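User: I would like to go through this structure in questions and answers, with the cut-offs stated as the terms arise.

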Amino acid sequence: MLRRLCQAPGTAEVRLGGQEREGHDQVERRTIGAATLEVGAVGLGCMPMSWAYTGSRRRGDESTRTVHRALDLGTTLLDTADMYGPFTNELLVGRVLRERRAEAFVSTKVGLLVGEQHIVANGRPGYVKRACDASLRRLQTDVIDLYQLHREDPEVPVEETWGAMAELVQAGKVRSLGLCAVGARAGRRPGAGMHDATIRRLRRIQQVFPVSAVQAELSVWSREALADLLPWCAARGIGFHAAMPLGNGFLSGTLTPGQGFEPDDVRARHPRFTAEMMAANQPIVAGLRRVAARHAEGTTAAQVALAWLLTLGPHLVPIPGTKHEHWATENATSTTLTLTPKDLAEIAALPPAQGSWD
């Protein structure tokens, strides 16, 4: 039987909008998929602790404290992947799980291999099973709560990959399965929706084994999933994990146009993070700040962006990534922010993001 992961009351102190709150579980609970797996309404994306962002600022001890702090606040969903590092992110999370496994909902991914200058997909059944065993060792656990297919291997029918993942559930090594969606902006047929290919793939694998969750980008400045993928999941009781809910940090308002990024930072090569495009998209951040200013002192643009996502459905869980305790606390306490109809109308009226996303 799939168990619900709950957190006992404690005494952690949380500050939101200048108000101190006592209590351990500051994050509301939500369920994932038809199996009703319970998690905190805001997750923790662990990738920045080991991969993709500002390598010189990574500190293993601080990242470990951040995971502990998230669990203290009731942020139970820890999102990682074997490719992050590669492998080092799962090792980091595993050090925390060794002490606090019962408090966490562990989500990791399979299907991508990282080389020196390239990333390739591998969906071969034998590889998937070996990769799962390796992830279990690194995470220091005997079961993964949600095992996600990171990318489909174009050389392997997705049903075969998904079938191997289903066997892991039957073997007791995995509790539920999820799929990471790829937007495929480039090369789309005229008139095709952003996630048409993902939905077709979901229909196919649903015939093999139930999908509990889909992870896809969704934020105030990247709303494509609202048109089709999010309602498709809602209609079928499939959980939705909103990836990059703060726009790779842009929606937090903490990035300055022209500040530059380290060479190993993915944003250094990202079209929306040129100085020109960051300046052009400042009205989006300004709008979030206007909404925040109508709430308690200290409310931030990032909290507004996360609170907006939480209004989109009870099956949605945003997964903001961070390696800092401060931001993990701020993100977790966004669940206590209630947006008004006026707030929601103002957010809906924000200008679309400028610049290519390819």
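User: Which residue stands opposite Ala-213 in S12?

Analyst: This is a predicted model, in which local features need pLDDT of at least 70, side-chain atom pairs count only at pLDDT 80 or more, and totals for chains, interfaces and linings use all residues. Residues are numbered from 1 along each chain as its sequence is written, and side-chain values use heavy atoms, with hydrogens and water left out. Strands (E, at least two residues) and helices (H or I, at least four) are DSSP runs numbered from the N terminus, and two strands pair if DSSP finds at least two bridges between them. S11 and S12 run parallel and are joined by three bridges; the residue opposite Ala-213 is Gly-178.

User: On the S13 side, which residue faces Gln-215?

Analyst: S12 and S13 also pair in the parallel sense, over five bridges. With helix H6 (residues 229-235), these two strands make a right-handed β-α-β unit; right-handed here says that, with the strands pointing away from the viewer, the path from the first strand over the helix to the second runs clockwise. In S13, the residue opposite Gln-215 is His-241.

User: How many residues of strand S12 are buried?

Analyst: Buried denotes under 20% relative accessible area, exposed over 50%, and partly exposed the range in between (1.4 Å probe, protein chains only). One side of S12 carries Ala-213, Gln-215 and Glu-217, the other Val-214 and Ala-216, and both faces are covered. For S12, residues 213-217, the buried count is five of five.

User: Which helix gives the most residues to the largest nonpolar core?

Analyst: A nonpolar core is a set of buried Ala, Val, Leu, Ile, Met, Phe, Trp, Tyr and Cys residues joined through side-chain atoms within 4.5 Å. The largest has 77 residues, and those with the most contacts inside it are Tyr-147, Leu-229 and Phe-240. With eight residues, the greatest contribution comes from helix H9 (residues 301-310).

User: Which residues of strand S11 (177-180) cover or touch other parts, taking Tyr-147 as the reference?

Analyst: Contact is defined as heavy atoms within 4.5 Å. Neighbours within four places in sequence aside, the contacts of Tyr-147 include Val-128, Ala-131, Met-165 and Leu-168. S11 is among the elements that cover the buried residues of H4, and the contacts of Tyr-147 also include Leu-177 and Gly-178.

User: How far does helix H4 reach from its first C-alpha to its last?

Analyst: H4 spans residues 158-170, and its buried residues include Trp-162, Met-165 and Leu-168. Its expected span is 1.5 Å times one less than its number of residues. For its 13 residues this gives 18 Å, and the reach in the model is close to that, at 18 Å.

User: Where does Pro-86, which follows a cis peptide bond, lie?

Analyst: The bond from Gly-85 to Pro-86 is cis, with omega near 0°. Pro-86 is placed in the loop between strand S6 (77-79) and helix H2 (88-100).

User: Is Asn-248 buried or exposed?

Analyst: Asn-248 has a positive phi, near 55°, although it is not glycine. Its place is in the loop between S13 and H7. Because its relative accessibility is 10%, Asn-248 counts as buried.

User: How far apart in sequence are the parts tied together by Asp-72 and Arg-100?

Analyst: A salt bridge is a side-chain nitrogen of Lys or Arg within 4 Å of a carboxyl oxygen of Asp or Glu, and the structure holds 17 of them. Asp-72 and Arg-100 meet in one at 2.9 Å, N to O. Asp-72 lies in helix H1 (residues 60-72) and Arg-100 in helix H2, so the separation of the parts they tie together is 28 residues.

User: Which residues form one network with Arg-294 through shared salt-bridge partners?

Analyst: Arg-294 forms a salt bridge with Glu-346, the closest N and O atoms being 3.0 Å apart. Glu-346 is in helix H11 (residues 341-348) and Arg-294 in the loop between helix H8 (282-293) and H9, 52 residues apart. Arg-294 is partly exposed, at 36% relative accessible area. Joined with Arg-294 in one network are Arg-290, Asp-343 and Glu-346.
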